[in-house]
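Subject: Structure for your review

Dear colleague,

Please find the structure below, together with its sequence. I would be grateful if you could read the notes that follow alongside it.

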Amino acid sequence: MIEIKWFLSDLEATATAGAKLSKILEPGCIIMMEGDLGSGKTTLCKNICASLGVPINLVTSPTYTMVNMYSCDSGVIHHLDLYRLENRNELEDFDLEELIALEGITLVEWPKLLRPLIENHGVLNIQINYVSEGSRELTMSSHDSFYKRLLN
Ligand SMILES: Nc1ncnc2c1ncn2[C@@H]1O[C@H](COP(=O)(O)OP(=O)(O)OP(=O)(O)O)[C@@H](O)[C@H]1O
Ligand SMILES: [Mg+2]
């Protein structure tokens, strides 16, 4: 397993982290974002999308829509928020391709119920922890050799 930590001292550091991530991500990447309510998952997603060319104001939290899709120069981005999902059966209404951007980038907030459905895909895990009002700690980890190589 690989594990890398970044300290995000303020919102600008989170924007920089989003930009750095956007440069190493490749089509097919799936990022699982974990962290408490308000820890900064959507904020990081916005910054990743913005760095990929999506106007930042278009990127909103998919809490109610469950999945938002954006297109950018490098393909499609699926941004999921599964917080309101009560059980795994509710995901059966979706084809997996509606959730996972196989040729693009998938960002998932509250991914717990999705994990068992995509066991065969490697994922990059990002945990965001609250440190203080303006700062966060970001931990990236993966068991998958593809992501280990990306992070190296
Ligand atoms: N360094 C930082 N990085 C990220 N967010 C920060 C930082 N400092 C302050 N914040 C603030 O923390 C809040 C994070 O909210 P955000 O919606 O991104 O959280 P979330 O993890 O997506 O929450 P939810 O679980 O409800 O979806 C925002 O108001 C943001 O401005
Ligand atoms: Mg959010």
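The notes below describe what was found, beginning with the whole chain and ending with individual residues.

**Overall form**

Please bear in mind that this is a predicted model. The protein chain contains 4 helices and 7 strands, and along the sequence these elements follow the pattern β-α-β-α-β-β-α-β-β-β-α. A compact globule of 152 residues would have a radius of gyration near 15 Å, and the 14 Å found for the protein chain agrees with that. Along the principal axes, the C-alpha atoms fill a box of roughly 40 × 35 × 30 Å. Of the 152 residues in the protein chain, 34% are buried. When contacts between residues at least 6 apart in sequence are considered, 62% of them join residues at least 24 apart.

**The sheet**

The 7 strands form an open sheet with mixed pairing, in the order E1-E7-E6-E2-E5-E4-E3. E1 and E3 stand at the edges with a single partner strand each, so one side of each has no neighbour in the sheet. On average, neighbouring strands of this sheet are turned by 20° against each other, with direction ignored.

Three of the pairings may be of interest for inspection.

- Strand E1 (residues 2–8) runs antiparallel to strand E7 (residues 135–142), and 7 bridges join them. Here glutamate 3 has serine 141 of E7 as its bridge partner.
- Strand E6 (residues 124–132) is also antiparallel to E7, again with 7 bridges. Isoleucine 126 is bridged to methionine 140 in E7, and the two strands E6 and E7 form a hairpin with 2 residues between them.
- E3 and E4 pair over 6 bridges in the antiparallel sense, with histidine 78 of E4 as the bridge partner of methionine 69.

**Helices on the sheet**

Helix H1 lies across E1 and E7, and its direction is at about 145° to E1. Helix H2 lies across E2, E3, E4, E5 and E6, running at about 165° to E5.

H2 is mostly covered, with 9 of its 11 residues buried. These buried residues are Lys41, Thr43, Leu44, Cys45, Lys46, Asn47, Ile48, Cys49 and Ser51. Their cover includes H1 as well as the strands E2 (30–34), E3 (67–72), E4 (75–81), E5 (105–109) and E6.

**The ligand surroundings**

Which residues come nearest to ligand 1? Of the 19 residues around ligand 1, these are Thr14, Gly40, Lys41, Thr42 and Thr43. Lys41 and Thr43 also appear among the buried residues of H2. At least two residues of the shell come from each of helix H1 (11–24), helix H2 (41–51) and E7. By character, the shell around ligand 1 divides into 4 nonpolar, 10 polar and 5 charged residues.

**Residues with positive phi**

Three residues deserve a separate note for their backbone angles.

Glycine 53 follows H2 and has a positive phi, near 105°. This glycine 53 is in the loop between H2 and E3. Because glycine 53 has 13 C-beta neighbours inside 10 Å, it counts as partly exposed. Apart from its neighbours within four places in sequence, glycine 53 is in contact with Cys72 and Asp73. The C-alpha atoms of glycine 53 and cysteine 72 are 5.6 Å apart, although the two residues are separated by 19 residues in sequence.

Methionine 66 is likewise found in the loop between H2 and E3. Its phi is positive, about 75°, although methionine 66 is not a glycine. With 19 C-beta neighbours inside 10 Å, methionine 66 counts as partly exposed; the class of buried residues begins at 20 such neighbours.

Tryptophan 110 lies in the loop between E5 and E6. Tryptophan 110 is a residue other than glycine, and its phi is positive, near 55°. With 19 other C-beta atoms within 10 Å, tryptophan 110 is partly exposed.

Yours sincerely

Conventions
Residues are numbered from 1 along each chain as its sequence is written. Chains are lettered from A and ligands numbered from 1 in the order in which they are written. This is a predicted model: local features need pLDDT of at least 70, side-chain atom pairs count only at pLDDT 80 or more; totals for chains, interfaces and linings use all residues. The radius of gyration is taken over C-alpha atoms; the globule rule is 2.2 Å times the number of residues to the power 0.38. A residue is buried if 20 or more other C-beta atoms lie within 10 Å of its own, exposed if 12 or fewer, and partly exposed in between; C-beta atoms are placed from the backbone. Two residues are in contact if their C-beta atoms, placed from the backbone, lie within 7 Å. Two strands pair if DSSP finds at least two bridges between them. A residue is near a molecule or strand if its C-beta atom, placed from the backbone, lies within 6 Å of it. Ala, Val, Leu, Ile, Met, Phe, Trp, Tyr, Cys and Pro count as nonpolar, Asp, Glu, Lys and Arg as charged, and the others, Gly among them, as polar. Axes are lines fitted to C-alpha atoms, for helices over the stretch in contact, and angles run from 0 to 180 degrees between N-to-C directions.
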